Amino acid sequence: MNQATAPLPLRHDWSRSEVEALFALPFADLMFRAQTVHRRFFDPNEVQVSTLLSIKTGTCPEDCKYCPQSVRYDTGLEAEQLMEVERVLESARAARDTGSTRFCMGAAWRSPKDRDLGVITAMVRGVKELGMETCMTLGMLEPNQARALAEAGLDYYNHNIDTSPEFYGEVITTRTFQQRLDTLANVREAGIKVCCGGIVGMGEERNDRVGMLLTLANLPEHPESVPINLLVRVEGTPLAGQDDLDPFEFVRTIAVARILMPASHVRLSAGRESMSDELQSLTFLAGANSIFYGERLLTTPNPACSRDTALFRRLGIRPAALPLQSEHVAAPQPAAPADTALFYDAARV
Ligand code: SAM
Ligand code: DTB
Ligand code: SF4
């Protein structure tokens, strides 16, 4: 094995000055580093595709200043109680038929109540029977709740640190940064894969973006999935009037995440609706290799499926197939070619 193909060790001891230095690189040098690392771990033409569904919407008691679902802000959102399992499975089937391989279910809760776990675990089992990977984001989890989700076969749990420890208190006061880390530890302990990232464009400084990525990269294990969200500015939330983040700074954040956590999927997450195709393409070049596909995130719009399909084709990007795992009952079978089906014959474009 020569030096170029030897496995790169995953590091968990990044220093602040190293991460600052990466952010400060000339853009071309940063992109080169990110691409070099990316190609050691992934096929650069493959992007993992997940679909989101809000299974319980609005009236959340927390005060996250970015969030349209907090009961404290008047965003005109229509609240919905926990969905019935069959409705969730209908959405999952539709997502599977357009080529999505992971179904992510989100609830506007501070944390789930034990009495909800029966329905929640039925959702996990049902979606897995469709042959999809499962992800849930339900707020803080106690160890017994994490174990119940693991037993039902949940593949991923999403719980974001959202920002740096220093900026955190400017954004959320109803739960602490440490409580987030505790939930992440409970998820890991239960044997569920971790999906953890944050939001940029909330008025934080570069220092905070450094601090957020440093926290993620120095966790005992890197999250398998790292969503980088660009703030979706929702009228009625305290952050609705935030200034635009420099798009190159957004791309830099993705590139640094890729370099620090080379084996993780970095998800170009919320905020794509307001991005040009060219900006999204730059993030793929910087090492983003996962997206949310489908015309809604949880409560806000995501790009039209036809736009994403067209972008994948123009860039020669293939949606990633499911990893081979015996517990997946069947590989997703995309429906006959439709405008919104992501699978296409690359030889025919
Ligand atoms: N209630 C649970 C929780 O907060 O842990 C789960 C759902 S919550 C909506 C999941 C994540 O969505 C948040 O942690 C945040 O990172 C992201 N998010 C929410 N509103 C957003 C917005 N307006 N723009 C970008 N990301 C957002
Ligand atoms: C994540 O990091 N981003 C997703 C998912 N995890 C749950 C949520 C984005 C939400 C954007 C605002 C909304 O649609 O309500
Ligand atoms: Fe509630 Fe989650 Fe929104 Fe915070 S981000 S207000 S916890 S739904």
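## Surroundings of ligand 1

In this predicted model, 16 residues surround ligand 1, and those that come nearest are Tyr66, Thr137, Asn160, Asp162 and Val232. By class, the shell around ligand 1 consists of nine nonpolar, five polar and two charged residues.

The largest cavity is the space that ligand 1 takes.

## Polar contacts of ligand 1

Two residues approach nitrogen of ligand 1 through their backbone. A polar backbone atom of tyrosine 66 lies 3.0 Å from a nitrogen atom of ligand 1, and a polar backbone atom of alanine 107 lies 3.2 Å from a nitrogen atom of this ligand. With asparagine 160 the side chain is involved: one of its N or O atoms is 2.9 Å from an oxygen atom of ligand 1. On its own, ligand 1 has 550 Å² of accessible area, of which the protein covers 91%.

## Surroundings of ligand 3

Ligand 3 is likewise placed in the largest cavity. Around ligand 3 stand Cys60, Glu62, Cys64, Tyr66, Cys67, Ser70, Ala108, Trp109 and Arg175. This shell comprises six nonpolar residues, one polar residue and two charged residues.

## A residue at both ligands

Tyr66 belongs to the residues around ligand 3, and Tyr66 is also among those that come nearest to ligand 1. Its backbone supplies the polar atom found 3.0 Å from a nitrogen atom of ligand 1.

Technical notes. Residues are numbered from 1 along each chain as its sequence is written. Chains are lettered from A and ligands numbered from 1 in the order in which they are written. This is a predicted model: local features need pLDDT of at least 70, side-chain atom pairs count only at pLDDT 80 or more; totals for chains, interfaces and linings use all residues. Side-chain values use heavy atoms; hydrogens and water are left out. A residue is near a molecule or strand if one of its heavy atoms lies within 4 Å of it. On a 1 Å grid over the protein atoms alone, a cavity is a set of points where a 1.4 Å probe fits but cannot get out, and a pocket is an open set with protein on both sides within 12 Å along at least five of seven lines; lining residues have an atom within 4 Å of a point. A molecule sits in a cavity or pocket if more than half of its atoms lie within 2 Å of its grid points. Ala, Val, Leu, Ile, Met, Phe, Trp, Tyr, Cys and Pro count as nonpolar, Asp, Glu, Lys and Arg as charged, and the others, Gly among them, as polar. A polar contact is a pair of N or O atoms within 3.5 Å; within protein, one must be able to donate a hydrogen and the other to accept it, and residues adjacent in sequence count only if both atoms are side-chain atoms. Accessible areas come from the Shrake-Rupley method with a 1.4 Å probe; for residues, only the protein chains shown count as cover.
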